[in-house]
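Biologist: I should like to learn how to read the features of a model of this kind. Please take me through them one at a time.

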Amino acid sequence: AICTGAYPIQTNTSCASELIFQGASGSVIGPFADEIYSELKSIIMNEPLLDAAQTKNLEFSLAHLERACIIKKANSFYLE
């Protein structure tokens, strides 16, 4: 979702908070139905939030998936 510029919504049962900046680039929500419904309703109606997150997520993806960045990371696994 981040790489496509979408607004990711992930339950807080994973490590999503390492990549998602709460309320800016996505939402990490509780695993209970009432929390999910409430959060989804507020996100879907907030177009400025979704638009800003799309820009942030595309910038994040470009910065972390750019060829030179990937080469540097891959080389660190083998050369260090």
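Modeller: Let us begin with contacts; the model is a predicted one. A contact is counted when heavy atoms come within 4.5 Å.

Biologist: Which residues does Asn-57 touch, not counting residues up to four places away in sequence?

Modeller: Asn-57 touches Ile-2, Gly-5, Ala-6, Tyr-7, Pro-8 and Ser-25. Asn-57 itself belongs to helix 2, which covers residues 47-65.

Biologist: Does Asn-57 count as buried or exposed, and why?

Modeller: Buried means under 20% relative accessible area, and exposed means over 50%. Asn-57 counts as buried because its relative accessibility is 2%.

Biologist: What lies 2.9 Å from a polar atom of the side chain of Asn-57?

Modeller: A polar contact requires a pair of N or O atoms within 3.5 Å. Here the partner is the backbone oxygen of Ser-25, at 2.9 Å from a polar atom of the Asn-57 side chain.

Biologist: Where is Ser-61 found, and what is Ser-61 in contact with beyond its neighbours within four places in sequence?

Modeller: Ser-61 is also a residue of helix 2. With those neighbours left aside, its contacts are Ile-2, Cys-3 and Glu-66. Ser-61 has a relative accessibility of 7%, and therefore counts as buried. For a reading of sequence against space, take Ser-61 and Thr-4: they are 57 residues apart in sequence, yet their C-alpha atoms are 8.3 Å apart.

Biologist: How should separation in sequence be read for the protein as a whole?

Modeller: One takes the contacts with a separation of 6 or more; in this protein, residues 24 or more positions apart account for 36% of them.

Biologist: Let us turn to the surface. Which residues make the nonpolar surface patch?

Modeller: Ile-9, Leu-40, Ile-44 and Met-45 make a nonpolar patch of about 390 Å². Of these, Met-45 is placed in the loop between helix 1 (33-44) and helix 2. Met-45 counts as exposed because its relative accessibility is 67%. The protein exposes about 5,800 Å² in total, 62% of which is supplied by carbon and sulfur atoms.

Biologist: What pattern does the protein follow along the sequence, and how does its radius of gyration stand against that of a compact globule?

Modeller: The pattern is β-β-α-α-α, with three helices and two strands. The radius of gyration is 15 Å, whereas a compact globule of 80 residues would have one near 12 Å. Along the principal axes, the C-alpha atoms fill a box of roughly 50 × 25 × 15 Å. Of the 80 residues, 21% count as buried.

Key. Residues numbered from 1 in each chain as written. Predicted model: local features only at pLDDT ≥ 70, side-chain atom pairs only at ≥ 80, totals over all residues. Heavy atoms only, no water. Helix = DSSP H or I, 4+ residues; strand = E, 2+ residues; numbered from the N terminus. Buried < 20%, exposed > 50% of the residue type's maximum accessible area, 1.4 Å probe, protein only. Polar contact = N/O pair within 3.5 Å; in protein donor to acceptor, adjacent residues only side chain to side chain. Patch = residues over 30% accessible without salt bridge, like charges linked within 9 Å, V, L, I, M, F, W, Y side chains within 5 Å. Areas by Shrake-Rupley, 256 points an atom, 1.4 Å probe, with all protein chains shown as cover. Salt bridge = Lys/Arg side-chain N within 4 Å of Asp/Glu carboxyl O. Rg over C-alpha atoms; globule rule 2.2 N^0.38 Å.
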